[in-house]
Amino acid sequence: MLGLKLPTDPRWVNIVEKNIDEILTDHAYCEQKAASTAISLIVSFPEYTELIEEMIALSREEMGHFKMVHDRIIARGKTLGRDRKDEYVLQLVKFFPKGGSRTTQLVHRLLYAALIEARSCERFRLLSEELEDKELAEFYHKLMISEASHYTMFLKFARQYGNRTEVDQKWQELLTFEASIMKNLGKQQSIHG
């Protein structure tokens with residue numbers, strides 16, 4: 001369903017198991033950045049009413065997820081650590097050239113968002129199936145379902161606002177590029193790395 005060309009190495013879960021606090025901090029910031037992305041799309045493309053309505057709802061939902069993760073951090077007797085650079089996203093957003101029409105810029109941003117949500121969904125599925133901490137596994141199962149709906153929403157909007165054939169071609173090319181990035185990731189104590 002997700003179309004990812006390279007699945008996460010299941011051994012990544014071993015890294016997570018040994019670094020739960022680091023993963024939760026990274027995850028909290030991922031949720032915050034997802035909310036920021038939704039707000040940024042509202043600010044940058046206010047003329048797309050349907051998109052704006054969905055991004056309002058998404059920003060609320062993602063901040064709700066941030067709170068849920070933050071609550072888990074607090075319950076573990078920890079505090080939210082510092083944000084770190086997300087190497088996955090930094091590499092991913094180099095794929096499409098800068099510039100182009102507003103529509104092209106919007107489509108590219110929607111495709112990036114769709115792919116980030118798809119990879120998050122795939123990672124959350126792995127955590128929901130493999131984590132020894134069953135409560136945390138169930139938590140990630142619920143978030144996995146949410147991420148899947150976000151992925152399909154962003155892809156739907158990209159296809160709606162761009163030329164469907166071109167968007168589908170760009171999507172496949174982006175998926176291939178993302179697979180090349182993933183070959184060198186999966187060794188870090190982070191959601192995407």
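How many salt bridges does the structure hold? The count is 15, and several of these pairs are described below, after a word on confidence. The model is predicted, and the mean pLDDT of the protein chain is 93. Of the residues in the chain, 97% reach 70 or more. Confidence varies along the chain: helix α1 (residues 12-18) has the lowest mean, 89, while helix α3 (residues 49-75) has the highest, at 97.

The salt bridges make a good place to start. Side chains of opposite charge can pair when their charged atoms come close. One such pair is Asp26 with Arg84, whose closest N and O atoms are 3.7 Å apart. This contact links distant parts of the chain, since Asp26 belongs to helix α2 and Arg84 to the loop between α3 and α4, with their positions 58 residues apart in the numbering. The two partners differ in their surroundings: Asp26 counts as buried because its relative accessibility is 6%, under the 20% cut-off, whereas Arg84, at 30%, counts as partly exposed.

A second pair also links distant parts of the chain. Here Glu50 of helix α3 joins Lys156 of helix α6, 106 residues apart, and the N to O distance in this salt bridge is 3.3 Å. Both ends are reachable to some extent by the probe: Glu50 has a relative accessibility of 39% and so counts as partly exposed, and Lys156 is partly exposed as well, with a relative accessible area of 38%.

Within helix α3 itself, Lys67 and Asp71 form a salt bridge with their closest N and O atoms 3.1 Å apart. These two residues are separated by about one helical turn, because they stand four residues apart in the helix. Asp71 counts as partly exposed, at 37% relative accessibility. Elsewhere, Asp21, Arg76 and Lys78 are joined into one network by salt bridges that share partners.

Two histidines add some detail to the picture. His150 is placed in helix α6 and is buried, with a relative accessible area of 3%. Its side chain makes a polar contact with the side chain of Glu61, at 3.1 Å. His70, by contrast, lies in helix α3 and counts as partly exposed, at 25% relative accessibility. The C-alpha atoms of His70 and Thr25 are separated by 7.8 Å, although the two residues are 45 apart along the chain.

Attention now turns to the largest pocket. About 510 Å³ of space lies within this pocket, and 22 residues line it. Which of the lining residues lie nearest the centre of the largest pocket? They are Lys33, Thr37, Val89, Ala113 and Ile116. Two or more lining residues come from each of α2 (20-44), α3, α4 (87-92), α5 (102-130) and α6 (134-161). The greatest contribution is that of α5, which gives seven residues to the lining. In terms of chemical character, the lining of the largest pocket divides into twelve nonpolar, three polar and seven charged residues.

Taken together, helices α3 and α6 appear in more than one of these descriptions. Both give residues to the lining of the largest pocket, and the Glu50 and Lys156 pair connects one helix to the other.

Technical notes: Residues numbered from 1 in each chain as written. Predicted model: local features only at pLDDT ≥ 70, side-chain atom pairs only at ≥ 80, totals over all residues. Heavy atoms only, no water. pLDDT = per-residue confidence, 0-100. 1 Å grid on protein atoms, 1.4 Å probe; cavity = no way out; pocket = protein on both sides within 12 Å on 5 of 7 lines; lining within 4 Å. Points joined across faces, edges and corners; volume = space filled by probe spheres on them. Nonpolar A, V, L, I, M, F, W, Y, C, P; charged D, E, K, R; others polar. Salt bridge = Lys/Arg side-chain N within 4 Å of Asp/Glu carboxyl O. Buried < 20%, exposed > 50% of the residue type's maximum accessible area, 1.4 Å probe, protein only. Polar contact = N/O pair within 3.5 Å; in protein donor to acceptor, adjacent residues only side chain to side chain.
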